[in-house]
Amino acid sequence: MDLARTTRTGTPAEENGPQGRHLIAVLALPGVPPFELGIPSRVFGSAVDEAGEALYEVVVCTADGRPVLSDAGFTIQPAAGPEALAAADTVILPPTHAMPELAHGGPLPPEVAAAIAGIRPGARLVSICTGSYVLAAAGLLDGRPATTHWNLAPEFRRAYPRVLVDEDVLFVDDGDVLTSAGVAAGVDLCLHLIRRDHGAAVTNRAARMCVVPPWRDGGQAQYIDRPVPEPTVATTTAARAWALERLAEPITLAELADHARMSLRTFTRRFRDEVGMTPVQWLTAQRLEVARHLLETSDLPVDLVAHRSGFGSAGSLRQHMRSALGISPIAYRRTFQPAPA
């Protein structure tokens, strides 16, 4: 699906938490998988400014302040209760494997419903994997685009028909409500939020600390039933690496196929199988990433940003940014580089 239909660009979140930090409350529910529960603390905890100061305060809480049993069989001792939700700037809901009634559109347990109802107005809501069921059961996804794990999308759609489900993407950014697919997509969404809040430089530092790629497009596919090619089978990896070193130059599909030593038809099919999008879509996404980085971190004129990112002209860059992100290059730069007072 087109990224323009799955992502809205936000402005940096206000930092209202302790010591000027953005306060994130992670709601641990019974049956929470420990890996997904730990993603926000690990990723947001790695986001620091140039002086090394933490930009986020992450608090794990439960609906009633009591410990909960994880799906791994050990108990999670929370740092706080529902009061953390009332104070948080962002609330994150990891998945739960202990509420089967939600799979059929059933109600939330009373204490969970009360905790969700206590989230302060204006807080940003985020789900990881099947945490989307909790948001949907609370009515917070009605009429909104959202995603969840691809394997559960048909069930989710039946249980919550008012939600606009798209199982073909890694995450959906709908402004103040964001949802992601399973496990690694939760990491992608957390990095996306850091990027939204603080730009590329902070995100890259956090990603390096976590030893993960700093950016995967939310509109990228969830890689459903795509086996890893055998070592003897040619892949498009080398062609992609070659293209990444030459994004400022014109690159044709024929050149990519030649570099991969494949026919155009074979290359296009294999590229889509491996990457989840067409070569042209991938090239555009990579060039947009370069342009966004330059707009965030440099004072280069827009014409030069367009040239260095491979779009050729400011008009072409403007068109692609508006299509993908809904914002012009100049407005995007102002988001991350506000004019001096």
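This is a dialogue between a trainee and a mentor about reading a predicted model.

Trainee: Before we turn to single residues, how many helices and strands does the protein chain have, and what percentage of its residues is buried?

Mentor: The model is predicted, and in it the protein chain has 14 helices and ten strands. Of the 341 residues in the chain, 52% are buried. Among contacts with a separation of 6 or more, 65% are accounted for by residues 24 or more positions apart.

Trainee: Let us take charged pairs next; how many salt bridges does a search of the whole structure find?

Mentor: The general idea is that side chains of opposite charge can pair when their charged atoms come close. In this structure, a search of the whole model finds twelve salt bridges. One of them joins Asp 197 to Arg 124, with the closest N and O atoms 3.0 Å apart. This pair links distant parts of the chain, since Asp 197 belongs to helix H6 (residues 184-198) and Arg 124 to strand E6 (residues 124-127), 73 residues apart.

Trainee: Are Asp 197 and Arg 124 buried or exposed?

Mentor: Asp 197 counts as buried because its relative accessibility is 4%, and Arg 124 is buried as well, with a relative accessible area of 6%.

Trainee: Which residue of helix H6 forms a salt bridge with Glu 289?

Mentor: Arg 195 meets Glu 289 in a salt bridge of 3.1 Å, N to O. Because Arg 195 lies in helix H6 and Glu 289 in helix H11 (residues 279-297), the pair ties together parts that are 94 residues apart in sequence. Both Arg 195 and Glu 289 are buried. Salt bridges can also share partners, and here Arg 144, Asp 174 and Asp 176 are joined in this way into one network.

Trainee: What salt bridge does Arg 157 make, and is Arg 157 buried or partly exposed?

Mentor: The side chain of Arg 157 meets that of Glu 167 at 2.8 Å, N to O. Arg 157 sits in helix H5 (residues 153-159), whereas Glu 167 sits in the loop between strand E8 (164-165) and strand E9 (171-173), ten residues away. Arg 157 is partly exposed, at a relative accessible area of 34%.

Trainee: Turning to the cysteines, why do Cys 190 and Cys 210 not form a bond?

Mentor: In general, a disulfide is a covalent bond between the sulfur atoms of two cysteines. For a pair to count, the two sulfur atoms must lie within 2.5 Å, and by this rule the structure has zero disulfides. The cysteine sulfur closest to that of Cys 190 is in Cys 210, and because the separation is 9.3 Å, they are too far apart for a bond. Cys 190 is buried, with a relative accessible area of 1%, and Cys 210 likewise counts as buried, at 16% relative accessibility.

Trainee: How should I read the two sides of a helix, and which residues of H3 are buried?

Mentor: One asks which residues are buried and where they point around the axis. In helix H3 (residues 110-117) the buried residues are Val 112, Ala 115 and Ile 116. Seen down the axis of H3, these fall within an arc of 100°, so they line one face of the helix. On the other side of H3, Pro 110, Ala 114 and Ala 117 are exposed. The cover over the buried residues of H3 includes strand E1 (22-27), helix H2 (83-87), strand E5 (90-93) and helix H4 (131-137).

Trainee: Which residues does Ala 47 touch, not counting residues up to four places away in sequence?

Mentor: Ala 47, which is found in the loop between helix H1 (34-44) and strand E2 (56-61), is buried at a relative accessible area of 0%. Leaving out residues up to four places away in sequence, Ala 47 touches Glu 53, Ala 54, Leu 55, Tyr 56, Ile 194, Val 202 and Ala 206.

Trainee: Finally, at what angle do the axes of H11 and H13 cross?

Mentor: The axes of H11 and helix H13 (residues 314-325) come within 11 Å and cross at roughly 100°, which means that H11 is roughly perpendicular to H13. Residues making the contact include Thr 284, Leu 288 and Ala 291 of H11, together with Leu 317, His 320 and Met 321 of H13.

Notes. Residues numbered from 1 in each chain as written. Predicted model: local features only at pLDDT ≥ 70, side-chain atom pairs only at ≥ 80, totals over all residues. Heavy atoms only, no water. Salt bridge = Lys/Arg side-chain N within 4 Å of Asp/Glu carboxyl O. Helix = DSSP H or I, 4+ residues; strand = E, 2+ residues; numbered from the N terminus. Buried < 20%, exposed > 50% of the residue type's maximum accessible area, 1.4 Å probe, protein only. Arc of directions from axis to C-beta. Contact = heavy atoms within 4.5 Å. Axes fitted to C-alpha atoms, helices over the stretch in contact; angles between N-to-C directions. Parallel < 35°, antiparallel > 145°, perpendicular 65-115°, else oblique.
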